[in-house]
Structure formats: structure tokens, C-alpha cells
Amino acid sequence: MGAIGLHHYMMISAFLLATGITCMVTKRNAIGILMGIELVLNAASLNFVALGKYTRLGLDGQIFSLFIIVLAAAEAAIALAIVLNYYNNFVTIDVDRGDELKG
Amino acid sequence: MTIDALLFWIFAALACGGALGVVLASRIVRMAFWLVVSLGSVAALFFLLNAEFLGAAQLLIYVGGTIVILVFGVMLTAGGAAPRLKATPGESLLCIAVAASLFGLCLFTVGSVDWVEVARRQGSISHENRPTAGTVGHGTHALGSALVGFRPAVVTTNKDGQPVKQVVLQTGYLLPFEIISVHLLVVLLGAAYLARPKQRREAGAIAASSGGPA
């Protein structure tokens with residue numbers, strides 16, 4: 001097995017992305033969908049840091065991953081506030097049951 | 001296979017296995033556990049990519065913050081009481097054995113380092129600002145400097161036909177840093193307002209309204 005190159009990290013990142021999208025699409029639980037979003041953001045983050053090490057991107061990759069982490073935390077807070085409101089309105093977090101527009 | 005490659009394959013397998021576990025798990029708390037495994041392995045991959053600050057930030061913010069807030073969401077929106085669980089004596093013994101071996105490993109590692117020599121060597125290193133990331137141990141300094149706007153870079157210019165390396169000052173990331181600070185404030189205020197206590201609709205009212213003209 002040779003040295004670990006950029007394509008190894010990008011394959012891992014691609015797998016995480018595909019798994020995250022599958023999770024977002026197949027889960028009925030709203031918090032399950034949020035977990036898929038976290039997986040996708042981590043895939044992008046890993047991609048940036050790997051490119052930062054193996055190409056001329058350098059420090060920019062790590063800085064962008066730092067911003068991704070901060071924005072993902074902010075987005076998780078808002079998404080959970082939305083889930084709480086959904087639960088208050090429908091008494092369930094099954095997203096398939098939210099099929100009436102009347103609040 | 002070098003230790004570098006071996007560690008990469010171990011953590012890559014854990015990250016992908018954890019992601020698969022998130023998709024395949026049926027209960028939400030087990031999905032949260034597999035997500036912790038996956039994100040922790042991605043943090044380890046960051047350490048392997050010489051992004052030490054990012055790996056530590058990933059563990060602190062993602063595993064210690066975002067997952068905890070997801071589990072809070074699960075607890076706040078769960079219906080029904082959770083069953084009371086107690087660990088069996090076999091499980092307790094296994095846990096004590098694992099904890100004791102981890103403690104022994106830490107003691108052995110700390111005890112096998114010559115701390116006097118380490119202090120002597122650290123005192124003789126000059127704190128110069130290394131401009132590039134990707135080298136071991138200097139990413140944090142470069143990251144911090146870049147975030148407050150100080151970002152030196154080594155460029156190769158052609159002076160009289162000969163390539164000359166010189167250090168120039170590139171624009172840092174001060175503006176995105178300030179924007180993100182304000183963004184975080186706004187988002188947290190918005191989340192606190194959105195999640196304020198409100199009237200919860202009763203389950204009977206839902207059934208009556210959905211069984212009506214639909």
C-alpha cells in the first residue's frame with residue numbers, strides 16, 4: 001500500500017457526502033435529517049483540509065474549514081429551533097405528517 | 001505500511017462505518033452515537049492532515065456542541081417515558097477494565113518523557129511566524145495571525161533573471177472573521193427567540209382538525 005495521497009481523502013469525503021445525502025433523503029425523523037446535513041458539511045470540510053495540505057491552497061483550506069464548522073454550529077441551532085416549533089405544532093417530529101399548510 | 005497510512009485507514013474505516021451506521025440505525029439516539037463516531041474519526045483525519053487546531057475545534061464544537069444539542073432536541077421532542085436502564089455487572093467490569101487500561105497507558109506515556117530536556121529545548125526555539133500551513137505544529141500560529149489580518153506568504157519573483165524568494169504580506173481574513181462573529185450573534189438571538197416557550201397544540205385538537213374537511 002503506497003503513501004496516502006489526495007485522492008484517498010477525496011474518496012472518503014465523497015463517501016461521507018453520499019451517505020449524508022442518503023440520510024437526508026431517507027429519514028423521516030427531522031433530527032435524522034439534521035444529522036445528514038452534518039455529515040455533508042463534514043465531507044466538504046475534510047475536502048478543504050486535504051486540498052490545503054496536498055495542493056497550493058495551503059492555509060486557505062484550513063481557514064475555510066474553520067468557517068464551515070462555525071456556520072454548521074449556527075445552522076444546527078436554528079434548525080433545532082425549527083424542529084421545536086414543528087413539534088409544538090404537530091406533536092410529532094415525523095416530517096411525513098407535516099402535510100397541512102394551515103398553522 | 002507506515003504508521004501514517006495505517007492510522008489513515010483505521011480512521012477512514014471508522015468515519016465511513018459511522019456514516020453508514022447513521023443511515024442504517026433505526027433509533028434516533030443510536031444514530032447520534034454513530035454520528036459521534038464518524039465526526040470523531042474526521043477529527044482524527046484532520047490531525048493526520050497537520051491541521052491540529054482544526055481537529056481540536058472539530059472535537060470541541062462538533063462532537064461536544066452540535067451532537068449534544070442534537071441529543072437535547074431528541075430529548076425535548078420524545079414522546080413517552082424512557083425505560084430505566086442499569087448496567088449488568090459484566091458490563092461494569094468491562095468498563096472498569098477499559099478505563100484502567102487507558103489510565104495506565106496515559107501514565108506510561110507521561111512517565112517515559114524526559115520533561116527537563118523538553119523544557120530546555122522549548123526555551124531555545126525562536127517564535128518566528130511560519131507562513132505556510134501543512135507543516136507540523138505551525139498551523140495554529142498561522143491560522144491565528146491570518147484571522148486578525150496578518151498573513152505573510154513566500155512568493156518567488158524574478159529579479160534580474162534569477163528567482164528570488166521574498167516574504168510579502170497578503171490580505172488576511174479579518175473581514176470574514178468579523179462577519180462571522182456578527183452572524184453568530186444574530187443566529188443565536190434568532191434561535192433563542194424561535195425556541196421560546198409557546199402554547200403547545202394538544203393531540204386531540206390535531207386529530208379533530210385533520211379528521212374534519214380534508
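The paragraphs below lead through a predicted model, beginning with the make-up of chain B, then turning to a contact between the chains, and ending with a group of charged residues in chain A.

Chain B contains 8 helices and 2 strands, and when these elements are read in order along the sequence they give the pattern α-α-α-α-α-α-β-β-α-α. Of the 214 residues in this chain, 25% are buried, while its accessible surface amounts to about 14,300 Å², with 70% of that area belonging to carbon and sulfur atoms. When contacts in chain B are limited to residues at least 6 apart in sequence, 37% of them join residues that are at least 24 apart.

One part of that surface can be followed in the opening residues of chain B, where B:Met1, B:Ile3, B:Leu6, B:Leu7, B:Trp9, B:Ile10 and B:Leu14 make up a nonpolar surface patch whose members together offer about 640 Å² of accessible area. One of these residues, B:Ile3, belongs to helix H1 of chain B, which covers residues 3-24, and B:Ile3 counts as exposed because its relative accessibility is 60%, above the 50% that the term requires.

A second exposed residue of chain B lies in a strand: B:Lys165 has its place in strand E2, which runs over residues 162-171, and with a relative accessibility of 64% B:Lys165 likewise counts as exposed. Leaving aside residues up to four places away in sequence, B:Lys165 touches B:Val154, B:Val155 and B:Thr156. A residue further along the chain gives another view of its position, for B:Ala195 is 30 residues away from B:Lys165 in sequence, and the C-alpha atoms of the two are separated by 55 Å.

The next step is to look at how a helix of one chain meets a helix of the other. Two packed helices are described by the angle between their axes and by the distance between those axes. Helix H3 of chain A (residues 59-90) packs with helix H6 of chain B (residues 139-147) at an angle of about 70 degrees, and their axes are 10 Å apart. Angles of 65 to 115 degrees count as roughly perpendicular, and H3(A) and H6(B) are therefore described in that way. On the side of H3(A) the contact is made by A:Leu59, A:Gln62, A:Ile63, A:Leu66 and A:Phe67, which meet B:Gly139, B:Ala142, B:Leu143, B:Ala146 and B:Leu147 of H6(B).

The last topic is charge. Side chains of opposite charge can pair when their charged atoms come close, and the structure holds 4 salt bridges over all chains. In one of them A:Asp94 pairs with A:Arg28, with 2.4 Å between the closest N and O atoms. Because A:Asp94 lies in the segment after H3 of chain A and A:Arg28 in the loop between helix H1 (6-26) and helix H2 (30-54) of that chain, this pair ties together parts that are 66 residues apart in sequence. The two partners differ in their surroundings, since A:Asp94 counts as buried at 12% relative accessibility, whereas A:Arg28 is partly exposed, at 47%.

A:Arg28 also forms a salt bridge with A:Asp96, at 3.2 Å from N to O. A:Asp96 lies in the segment after H3 of chain A, so its pairing with A:Arg28 in the loop between H1 and H2 ties together parts 68 residues apart in sequence. A:Asp96 is partly exposed, with a relative accessible area of 48%. A further salt bridge joins the side chains of A:Arg97 and A:Asp94, at 4.0 Å from N to O, and thus A:Arg28, A:Asp94, A:Asp96 and A:Arg97 are linked in a network of salt bridges.

How values were computed: Residues numbered from 1 in each chain as written. Chains lettered and ligands numbered in written order. Predicted model: local features only at pLDDT ≥ 70, side-chain atom pairs only at ≥ 80, totals over all residues. Heavy atoms only, no water. Patch = residues over 30% accessible without salt bridge, like charges linked within 9 Å, V, L, I, M, F, W, Y side chains within 5 Å. Areas by Shrake-Rupley, 256 points an atom, 1.4 Å probe, with all protein chains shown as cover. Helix = DSSP H or I, 4+ residues; strand = E, 2+ residues; numbered from the N terminus. Buried < 20%, exposed > 50% of the residue type's maximum accessible area, 1.4 Å probe, protein only. Axes fitted to C-alpha atoms, helices over the stretch in contact; angles between N-to-C directions. Parallel < 35°, antiparallel > 145°, perpendicular 65-115°, else oblique. Contact = heavy atoms within 4.5 Å.
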